[in-house]
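The following exercises concern salt bridges and a pocket in one protein model. Each task is followed by a worked solution.

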Amino acid sequence: MLRAIILVAGLLALAPPARAFDNPISRGLADFLNIFSEQPIPRQVVPWNGKQAPGTIVISTSQRRLYYVLGSGQALRYGVGVGRQGFSWSGTKTVTMKREWPDWRPPAQMLKRRPDLPRHMAGGIDNPLGARAIYLGSSLYRIHGSNEPDTIGAAVSSGCIRMTNRDVIDLYGRVRTGTKVVVLR
């Protein structure tokens with residue numbers, strides 16, 4: 001079985017990146033292989049004494065952690081990457097949309113700072129939004145996966161909340177459109 005997994009992974013590594021996610025089978029295989037990726041900050045259930053209702057997401061940018069409130073005095077804690085200096089924010093938002101392997105279109109403000117960026121990037125393993133994206137209100141911000149797991153626990157983004165692909169897949173399955181998201185500094 002392990003040989004088969006290694007063989008499939010090797011074949012995928014040789015496949016051209018633009019085609020890697022053209023079909024649902026390839027995307028499902030990528031999700032499966034993601035299970036074996038290393039977690040820089042392990043997800044864990046922790047005590048929670050906040051007043052938020054179960055199902056609420058609370059993000060502490062200073063701790064660089066995201067909490068999914070479970071209820072009964074517990075929350076699920078994830079490591080996250082947050083906005084770098086000048087790009088951090090706080091407030092309350094609502095989940096308005098969720099996407100698997102989302103396409104990425106850099107916002108105008110980002111293109112102004114980085115004209116070298118592509119205007120559009122199809123969803124896939126090389127896409128900066130990673131495996132899942134959870135959109136926050138009418139803002140440009142998202143909670144999304146990352147193809148750079150070494151940035152988890154750092155302040156490096158343009159305001160979005162980054163998670164490992166494994167963690168964002170887990171959170172994505174828990175949240176619904178309408179979920180309250182509280183961002184604290």
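## Exercise 1: The pocket lining

In this predicted model, α3 contributes the most residues to the lining of the largest pocket, namely three.

**Task.** Determine which elements give two or more residues to the lining of the largest pocket, and describe the lining by class.

**Solution.** Step 1. The largest pocket holds about 620 Å³ of space, and 26 residues line it. Nearest its centre lie Trp104, Met110, Arg113, Ser157 and Ser158.

Step 2. Two or more lining residues come from each of α3 (108-113), β8 (142-144) and β9 (155-157).

Step 3. By class, the lining comprises 13 nonpolar, seven polar and six charged residues.

## Exercise 2: Salt bridges of aspartate 170

**Task.** Establish which parts of the chain are tied together by the pair of arginine 43 and aspartate 170, and place the pair in its network.

**Solution.** Step 1. The closest N and O atoms of arginine 43 and aspartate 170 are 2.9 Å apart, and the two residues form a salt bridge.

Step 2. Arginine 43 belongs to the loop between α2 (24-34) and β1 (44-47), whereas aspartate 170 belongs to helix α4 (residues 165-174); the pair therefore ties together parts 127 residues apart in sequence.

Step 3. Aspartate 170 also forms a salt bridge with arginine 174, again with closest N and O atoms 2.9 Å apart. These two residues are four apart in helix α4, so about one helical turn separates them.

Step 4. A network of salt bridges links Arg43, Asp167, Asp170 and Arg174.

Step 5. Arginine 43, with 29% relative accessibility, is partly exposed; arginine 174, with 34%, is partly exposed.

Key
Residues are numbered from 1 along each chain as its sequence is written. This is a predicted model: local features need pLDDT of at least 70, side-chain atom pairs count only at pLDDT 80 or more; totals for chains, interfaces and linings use all residues. Side-chain values use heavy atoms; hydrogens and water are left out. On a 1 Å grid over the protein atoms alone, a cavity is a set of points where a 1.4 Å probe fits but cannot get out, and a pocket is an open set with protein on both sides within 12 Å along at least five of seven lines; lining residues have an atom within 4 Å of a point. Grid points are joined across faces, edges and corners, and a volume is the space filled by probe spheres set on the points. Ala, Val, Leu, Ile, Met, Phe, Trp, Tyr, Cys and Pro count as nonpolar, Asp, Glu, Lys and Arg as charged, and the others, Gly among them, as polar. A salt bridge is a side-chain nitrogen of Lys or Arg within 4 Å of a carboxyl oxygen of Asp or Glu. Buried means under 20% relative accessible area, exposed over 50%, partly exposed in between (1.4 Å probe, protein chains only).
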